[in-house]
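Trainee: I would be grateful for a close look at a single part of this model, namely one pair of packed helices. Please then place that pair in its wider setting.

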Amino acid sequence: MKKLSARRRHPLAALVVLLIALVASGGLYAAFAPAEKAAADETAQSLAIDEGKKLYAVGCASCHGPSAQGTSDGPPLVGVGAAAVDFQVGTGRMPAQQPGAQVPRKKVIYTQAQIDQLAAFVASLGAGPSVPTEEQYDPTGADLGKGGELFRTNCGQCHAASGKGGALSEGKYAPTLEDVSPKHIYEAMQTGPQNMPSFPDTVMTEKNKKDIIAYLHAVNSDDTVEPGGLNLGGLGPVSEGLFGWVFGLGALIAVAVWVAARTAKAKKS
Amino acid sequence: MSTNENNESRSRGKAPAGERIADWADGRLGIYSLAKANMRKIFPDHWSFMLGEVCLYTFIIIILTGVYLTLFFHPSMNEVEYHGSYVPLQGQLMSEAFNSTMHISFDVRGGLLIRQIHHWAALIFIAGMIVHMMRVFFTGAFRKPREVNWLFGFLLLVLGMFTGFTGYSLPDDLLSGTGVRFMEGAVLSVPVVGTYLSFFLFGGEFPGGDFVARFYSVHILLLPGIMLGLVVAHLILVFYHKHTQYAGPGKTNNNVVGMPLLPVYMAKAGGFFFLVFGVVAVVAAVAQINPIWAFGPYRPDQVSTGAQPDWYMGFSEGLIRIMPGWEINFWGHTLVLGVFIPLVVFPLVLVAIAVYPFIEAWVTGDRREHHILDRPRNAPTRTGFGVAWLTLYMVLLIGGGNDIIATHFHLSINAVTWFVRIAVFAGPVLAFIITKRVCLGLQRRDKDKVLHGRETGIIKRLPHGEFIEVHEPLSQEQLHTLTAHEQYKPLEIGPEVDENGVRRKIKGSEKLRAKLSKAYFNDQSQIPKPTVEEYKEITSGHGHH
């Protein structure tokens with residue numbers, strides 16, 4: 001003890017104390033916190049995170065930053081959750097081709113396995129909504145009428161009454177919901193991608209989300225029955241007016257020309 | 001007298017049944033003299049003269065299908081729960097109007113087809129009226145004696161628009177409810193009386209429980225009744241004035257060259273009615289219109305994007321969409337200029353085209369009757385004005401569909417709106433200038449054709465090596481057609497002072513008229529048509545000119 005106290009005014013004493021404190025706190029942290037992680041170290045989950053991290057470094061880091069902290073070209077991804085990744089990459093929106101008012105839906109370039117790995121990596125950065133299970137978004141047995149009412153109340157302002165999409169300001173838009181898979185609709189509501197507000201379970205319950213998914217499938221998918229014939233894009237009076245002018249009045253004028261050209265004329269010699 | 005006639009006819013045997021029926025009818029209706037006067041009424045043949053018929057026939061189709069729809073429609077806003085065939089609306093609360101329209105669409109035999117024929121025919125009816133009006137406008141058919149008929153036609157267009165709007169609102173779906181709300185907003189923007197007017201229209205606070213029943217009466221009774229009367233008056237005047245015709249050999253201001261009403265025109269017009277009905281029915285069978293089930297029932301707390309009126313009201317939508325949201329506060333009262341200014345401009349756009357014939361008549365001072373139509377190129381100022389008006393109308397239509405244009409052409413809606421804001425002012429001016437130049441160019445070409453003949457495209461080499469293009473002289477008929485129009489001279493109001501140096505009294509309106517007349521008919525606004533002397537000089541000359 002004497003030796004120690006004799007050197008307590010040594011110029012390096014402060015450094016030694018600091019080192020001891022750091023080792024102690026670090027050691028304590030290593031002893032407690034990472035203990036659980038260490039237990040799961042060899043699981044598939046951490047493998048997926050590792051793979052996801054590699055994919056992230058190649059395909060996403062240039063805009064979202066090497067540790068997903070976000071840059072001027074892309075928002076931070078800490079805490080967005082696996083559902084957001086599954087939606088953005090699963091609909092082909094990410095990786096984005098170019099910055100712009102809004103990133104469009106396009107061809108999906110990752111396999112579902114790769115998307116899951118990316119999602120696992122992003123989920124490991126911070127807590128966020130996870131990818132829904134099939135029983136969460138499966139619309140069987142949902143209330144179509146209720147779904148329609150919810151859709152018209154919450155979604156129709158931007159996506160139009162039957163989900164054909166619409167314009168927002170400055171080149172942004174609400175995309176058409178035609179043939180979007182139930183899982184992606186669920187995730188979009190959950191995470192609120194791009195310009196869309198999010199509708200977490202506290203705002204819109206799982207059951208309500210199912211109702212909306214069922215309604216959209218009934219009115220805006222390949223299975224939709226159009227009782228009146230061609231739906232002309234489902235855009236309402238603008239496309240109807242154009243069709244009426246071109247094919248309605250246009251045809252009638254063609255008929256008029258035909259009728260007028262055929263008449264009981266005296267033959268010219 | 002009848003005794004003698006009866007004896008005579010008995011001696012010759014009974015007259016054929018048709019003749020006896022005609023005799024019976026003549027004794028009561030006077031059809032013989034009526035038929036004698038009108039059976040041989042002549043109508044000229046041209047496809048553009050059948051545009052009015054398109055309107056008449058679609059109007060008849062609308063009435064026929066409309067009657068069918070009234071058999072099933074309930075103009076009531078009582079709330080009911082839906083239990084029809086359309087699954088995605090099961091159990092939803094809706095007005096009886098919406099419910100019965102759903103019933104017509106899904107559960108009445110032929111109901112949806114009839115509904116679609118009714119709606120498509122309405123769109124085509126008003127489109128036909130616009131095109132018919134433009135035909136009359138660009139050919140100058142509105143000149144004396146047809147000014148009143150022009151106004152009748154214009155009234156039919158305006159009434160057609162409002163009949164269409166009230167009909168579009170009847171199903172009480174989310175789309176049309178938004179349209180009615182739009183209209184209510186416009187009414188509310190009227191200073192001082194706006195609120196009272198709105199309460200009067202809707203029987204209280206919007207939407208209330210009255211407006212469907214009220215619009216129903218207006219839609220099926222009031223407006224169509226007036227329109228039917230106007231259509232009859234319009235047709236009587238067409239009969240009375242006789243039809244106009246395009247210039248050509250043998251066609252003068254005092255005759256009509258064409259085919260008699262009976263049998264030729266009756267057959268053609270009757271056949272044409274069925275062709276029109278057929279085309280409209282095919283369109284209605286192929287393409288869906290106003291799918292109210294996709295919009296859902298109207299609720300004031302819901303709204304859908306992409307909400308537009310039918311195309312004929314589209315220009316009013318455009319006016320609202322491009323207007324900046326200005327408002328003024330005045331002693332605690334808000335004046336919503338962003339809505340009120342479009343409301344004021346809306347009728348002005350329509351009236352601009354309606355009053356043009358009277359302005360032109362005043363400028364030309366022409367009080368003669370005109371039965372020969374102008375070629376649009378020979379009236380460059382009128383044609384320019386017409387195209388400018390159409391440009392304004394089209395630009396506003398683009399404004400009304402700015403969101404659809406933005407999403408489908410991948411543009412920013414703000415950019416589309418700004419384009420329309422500028423084009424509303426610049427477009428008509430540009431269109432006027434360009435159209436006038438095009439007309440003058442065509443006039444020059446006509447003059448060239450008259451004097452030098454048609455370019456044949458045959459290149460001939462002369463013995464001394466020169467190449468010339470062979471021009472073929474026009475036939476006498478073609479020469480007549482190209483030179484039949486007359487040209488006005490600018491109005492002269494004489495010097496400002498008389499011979500004694502005293503200032504003459506010239507009214508301001510006369511000065512304006514002279515100025516306009518100069519703008520219409522000076523050397524820059526019409527190419528003097530070739531004179532007989534010019535023609536003779538050139539055609540009598542030797543060799544190529």
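Mentor: A definition is needed at the outset: a helix axis is a line fitted to C-alpha atoms over the stretch in contact, and the angle between two axes, taken between N-to-C directions, runs from 0 to 180 degrees. It should also be said that this is a predicted model.

The pair in question lies in chain B and consists of helix 14 (residues 337–364) and helix 15 (residues 380–400), whose axes come within 10 Å and cross at roughly 175 degrees. Angles over 145 degrees count as roughly antiparallel. Helix 14 of chain B and helix 15 of chain B are therefore roughly antiparallel to each other. On the side of helix 14 of chain B, the contact is made by B:V349, B:A352, B:I353, B:Y356 and B:E360. Helix 15 of chain B contributes B:R382, B:F385, B:W389 and B:L392. Sorted by class, this contact has seven nonpolar and two charged residues, with no polar residues.

The chain around this pair may be described next. Chain B has 20 helices and 10 strands, and its C-alpha atoms fill a box of roughly 90 × 90 × 65 Å along the principal axes. Of the 545 residues in chain B, 38% are buried. Among the contacts in chain B with a separation of 6 or more, 73% are between residues 24 or more positions apart.

Chain B also touches chain A: 52 residues of chain A are in contact with 60 residues of chain B. On the chain A side, the elements that give two or more residues are helix 8 (144–154), helix 9 (156–159), strand 1 (166–167), helix 11 (206–219) and helix 12 (237–261). The largest share comes from helix 12 of chain A, with 17 residues. By class, the side of chain A that touches chain B divides into 27 nonpolar, 19 polar and six charged residues.

Chain A itself is divided into domain 1 (44–125) and domain 2 (134–224). The centres of these two domains of chain A, taken over C-alpha atoms, are separated by 23 Å. Between them, 13 residues of domain 1 of chain A are in contact with 13 residues of domain 2 of chain A. The side of domain 1 that touches domain 2 in chain A has six nonpolar, five polar and two charged residues.

Definitions and conventions
Residues numbered from 1 in each chain as written. Chains lettered and ligands numbered in written order. Predicted model: local features only at pLDDT ≥ 70, side-chain atom pairs only at ≥ 80, totals over all residues. Helix = DSSP H or I, 4+ residues; strand = E, 2+ residues; numbered from the N terminus. Parallel < 35°, antiparallel > 145°, perpendicular 65-115°, else oblique. Contact = placed C-beta atoms within 7 Å. Nonpolar A, V, L, I, M, F, W, Y, C, P; charged D, E, K, R; others polar. Buried ≥ 20, exposed ≤ 12 C-beta atoms within 10 Å, placed from the backbone. Domains from an automatic or database assignment.
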